[in-house]
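Visitor: Before going through the assignments, I would like to see the sequence and the coordinates. Please show them, and then explain how the labels are reached.

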Amino acid sequence: MAEAILSLSSISRSFGEFKAVDNVTIEIETGSITGLIGPNGAGKSTLFNVVAGELSPTTGSIKLFGNDVTGLHPDQRFELGLGRTFQIPRPFKRMSVLENVMLAPTGQTGETLWGAVFARGRIGDQEQRIRRKALEVLEFLTLRHLADQPAGKISGGQMKLLELARVLMGDPKVILLDEPAAGVNPVLTETLIEKIEELNRGGKTFLIIEHDMDFVMRHCDPVVAMAEGRVVFQGTSSEAQSNPLLLDAYLGA
Ligand code: ADP
Ligand code: MG
């Protein structure tokens, strides 16, 4: 097995008495596109929140590039190269698509548009650099033509791509995507897949929560399945496709 870029060891997270995530151990291989599947309420998004640092685990630890990041703030994990999208996109709806991307934190510590706005002196330089980068990212994700549209006016699928655009501003090495294809039309889903695969060939590792089994089976390998907070399957995509439990649960067989 390739080296793990992200290691989750015995992660649990409770809400009161309820264990939303229960003793999850997963190693994410460097360079993989790992799929995370499971029914609603399985604990997938909660696990993402623990990995990204929005929630602390009740027990367990997280290593990124071999270093323990369990106690770090989400921003610190982001600066180390961990990017994530949310299941429900949250753009600033009245700002333009371009502004939304420009406002995303960049990989360089402290280089944000807010910083540029408040800095004295070389405001123009920094803002221009961020604008250029934002336009490149929008071009890459086929959103360039929407740059000046209010973000609240674009389609749900385009909002998902916008979320990814914001994440890419930070040059992450590991990207967590929470249901990127949910509610996205087939054409945009194809675009999304193409871009994920292109970024992956460029060296980025993905962990993707997705309900669309066709998406997962064709584009994710390995596959991890959760149910009721626990990992119930981990294996290659072809093992997943011949696993009776998963066939029953997801493929309607
Ligand atoms: P999934 O993403 O797999 O659909 P979630 O991680 O969103 O599942 O939720 C797992 C379970 O944890 C659900 O039963 C959900 O209601 C519960 N849960 C999630 N977040 C909270 C919270 N902040 N407080 C209480 N319960 C929560
Ligand atoms: Mg979820």
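Guide: Helices and strands here are DSSP runs numbered from the N terminus, with at least four residues for a helix and at least two for a strand. On that basis Ser-56 is placed in the loop between α1 and β4. The model is a predicted one.

Visitor: Why is Ser-56 called exposed?

Guide: A residue counts as exposed if 12 or fewer other C-beta atoms lie within 10 Å of its own. Ser-56 has 10 C-beta neighbours inside 10 Å, so Ser-56 is exposed. Ser-56 is also 38 residues from Arg-94 in sequence and 32 Å from Arg-94 in space, C-alpha to C-alpha.

Visitor: What makes α1 mostly covered?

Guide: The cut-off for buried is 20 or more other C-beta atoms within 10 Å. In α1, 9 of its 9 residues are buried. Among them are Lys-44, Leu-47, Phe-48 and Ala-52. Just after α1, Gly-53 has a positive phi of about 100 degrees. For the chain of 253 residues, 40% count as buried.

Visitor: How do you know which element gives the most to the shell around ligand 1?

Guide: A residue is near the ligand if its C-beta atom, placed from the backbone, lies within 6 Å of it. The residues surrounding ligand 1 are Phe-15, Ala-20, Gly-38, Asn-40, Gly-41, Ala-42, Gly-43, Lys-44, Ser-45 and Thr-46. Helix α1, residues 44–52, gives the most, with 3 residues.

Visitor: How do the residues of that shell divide by class?

Guide: The shell around ligand 1 has 3 nonpolar residues, 6 polar and 1 charged. Gly counts as polar in this scheme.

Visitor: What makes β1 and β2 a pair?

Guide: Two strands pair if DSSP finds at least two bridges between them. Strand β1, residues 4–15, is joined to β2 by 8 bridges, and the two run antiparallel. Ile-11 stands opposite Val-24 in β2.

Visitor: Which strands stand at the edges of the sheet, and why?

Guide: The open sheet has 4 strands in the order β2-β1-β4-β5, with antiparallel pairing. The edges are β2 (18–29) and β5 (67–68), because each has a single partner strand, and one side of each is left without a neighbour in the sheet.

Visitor: What is unusual about the backbone at Phe-65 and Asp-171?

Guide: Most residues other than glycine have a negative phi, and most peptide bonds are trans. Phe-65 is not glycine, and its phi is positive, near 50 degrees. Asp-171 likewise has a positive phi near 50 degrees. Phe-65 lies in the loop between β4 (59–64) and β5, and Asp-171 in the loop between α6 (156–168) and β7 (174–178).

Visitor: Why are Phe-65 and Asp-171 called partly exposed?

Guide: Partly exposed covers the counts between 12 and 20. Phe-65 has 16 other C-beta atoms within 10 Å, so the label applies. Asp-171 has 13 C-beta neighbours inside 10 Å, so the label applies to Asp-171 too.

Visitor: How do you know that the peptide bond from Asp-221 to Pro-222 is cis or trans?

Guide: Its omega is near 5 degrees, and the bond is cis. Pro-222 lies in the loop between α8 (213–219) and β9 (223–227).

Visitor: Where are the two domains divided, and how many residues are in contact?

Guide: Domain 1 consists of 1–81 + 172–253, and domain 2 of 91–171. Their C-alpha centres lie 26 Å apart. A contact requires C-beta atoms within 7 Å, and 12 residues of domain 1 are in contact with 12 residues of domain 2. On the domain 1 side, α2 (74–80) and α7 (186–201) each give two or more residues. The largest share of that side, 4 residues, comes from α7. By class, that side of domain 1 has 7 nonpolar, 3 polar and 2 charged residues.

Visitor: How do you know whether the radius of gyration agrees with that of a compact globule?

Guide: For 253 residues a compact globule would have a radius of gyration near 18 Å, and the chain has 18 Å, so the two agree. Along its principal axes the C-alpha trace spans about 60 × 40 × 35 Å. The chain has 10 helices and 10 strands.

Key: Residues numbered from 1 in each chain as written. Chains lettered and ligands numbered in written order. Predicted model: local features only at pLDDT ≥ 70, side-chain atom pairs only at ≥ 80, totals over all residues. Domains from an automatic or database assignment. Contact = placed C-beta atoms within 7 Å. Rg over C-alpha atoms; globule rule 2.2 N^0.38 Å.
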